[in-house]
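Please take a moment with the sequence and the model below before reading on. The paragraphs that follow lead from the surface to the interior.

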Amino acid sequence: MSDELVPADPSHMRASDADRERIAQVLHKATAEGRLDIHELDERLGAVYAAKTYGELAPITADLVLSGLPQPPVVPQYQPAADNRVGGQPGSAVSVAFWSGVNRKGQWVVPRMHNAVAVMGGIEIDLTHARFEEQEVTISCFAFWGGVEIRVPDDININVDGFGFMGAFEDRAPGRRHIPGAPTVRITGLAIMGGVEVKGPKRKKSQILRELLD
């Protein structure tokens, strides 16, 4: 069996709120130009906000032209990750540090569910060069008098929803934009008198300086 991955059909990819808003703007402009009446606008807007995939959005503007010039259907373009990070033989489903330390980094494949357990020990998980078994994976953390540090790159989506009890469950990489089609990692769990910390990618001092000046 070949290990080559077949790119997913973009029409089946999930649309984002920003994608739907762009389509809505096209419809409002078409109404202002007299190409749609108010009832058609209302009907199509309902279809826009009910759409879940790019394929469902495409027909909504397929018959429209703007400013007298024919336009192709307004469809958000899915941009696959340059290195296609989904797929492969998954690595271990568990990282356990009991009075010890565990470090996972490099080109490993994160399974659909990975459990990180740190009891009076420390775990470092680096996703910078990782691949993912599925489009959406979960890392479940438990820290008791210990710590779990997870480093996430800029080209994936993350969702952090853990809880700290006499400890901390911190997302230090907030404010990230959603990337359509990119792998999504959910980081959840519990920290009791310990800590779970999600960090962004390591950056050189020159990169930090450029970001501050931009």
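Which strand supplies the largest share of the nonpolar patch? Before that is answered, it should be said that this is a predicted model. The largest share comes from E3, which gives three residues to the nonpolar patch.

The patch itself lies on the surface, covers about 1100 Å², and is made by Val94, Val96, Phe98, Trp99, Met120, Trp145, Phe163, Phe165, Met166 and Met193. Two strands, E3 (94-98) and E12 (163-165), each supply at least two residues of this patch. Another of its members, Met193, is found in the loop between E14 and E15. Met193 has a relative accessible area of 34%, and because this value falls between the limits of 20% and 50%, the residue is described as partly exposed.

It helps to set this patch against the chain as a whole. The chain has four helices and 15 strands, and of its 214 residues, 36% are buried. The area that the chain exposes is about 12800 Å², of which carbon and sulfur atoms supply 55%. When contacts with a separation of 6 or more are considered, 66% of them are accounted for by residues 24 or more positions apart.

Turning to the interior, the largest nonpolar core has 26 residues, and those with the most contacts inside it are Leu127, Cys141, Val148, Ile150, Val152 and Val185. At least two residues of this core come from each of the strands E6 (113-119), E7 (122-126), E9 (136-144), E10 (147-151), E14 (184-192) and E15 (195-199). Among the contributors, E9 gives the most to this core, with four residues. Val148 shows how separate stretches of the chain are brought into contact: leaving aside its neighbours within four places in sequence, Val148 is in contact with Ala116, Ala118, Ile123, Cys141, Ala143, Gly195, Val196 and Glu197.

Apart from this core lies another, of 16 residues, which includes Ala30, Leu36, Val48 and Tyr54. Ala30 lies in helix H1, which spans residues 17-32. With a relative accessible area of 0%, Ala30 is under the 20% limit and therefore counts as buried. The C-alpha atoms of Ala30 and Thr61 are separated by 9.5 Å, although these residues are 31 residues apart along the chain.

Two further residues repay a closer look. Phe132 is found in strand E8, residues 131-132, and it counts as buried because its relative accessibility is 1%. Leaving aside its neighbours within four places in sequence, Phe132 is in contact with Arg85, Val86, Gly87, Val109, Val110, Leu127, Val137, Ile156, Pro183 and Val185. Of these contacts, Leu127 and Val185 are also named among the residues with the most contacts inside the largest nonpolar core. From C-alpha to C-alpha, Phe132 and Gly91 are 9.5 Å apart in space, while in sequence they are 41 residues apart.

The other residue is Asp126, whose place is in strand E7. Which side chain of opposite charge is nearest to Asp126? That side chain is Arg151, which is 5.1 Å away, and Asp126 is buried yet has no salt bridge. Leaving aside its neighbours within four places in sequence, Asp126 is in contact with Arg104, Lys105, Trp108 and Arg151.

Key. Residues numbered from 1 in each chain as written. Predicted model: local features only at pLDDT ≥ 70, side-chain atom pairs only at ≥ 80, totals over all residues. Heavy atoms only, no water. Core = buried A, V, L, I, M, F, W, Y, C linked by side-chain atoms within 4.5 Å. Buried < 20%, exposed > 50% of the residue type's maximum accessible area, 1.4 Å probe, protein only. Contact = heavy atoms within 4.5 Å. Patch = residues over 30% accessible without salt bridge, like charges linked within 9 Å, V, L, I, M, F, W, Y side chains within 5 Å. Areas by Shrake-Rupley, 256 points an atom, 1.4 Å probe, with all protein chains shown as cover. Salt bridge = Lys/Arg side-chain N within 4 Å of Asp/Glu carboxyl O. Lys, Arg positive; Asp, Glu negative; His and termini not counted.
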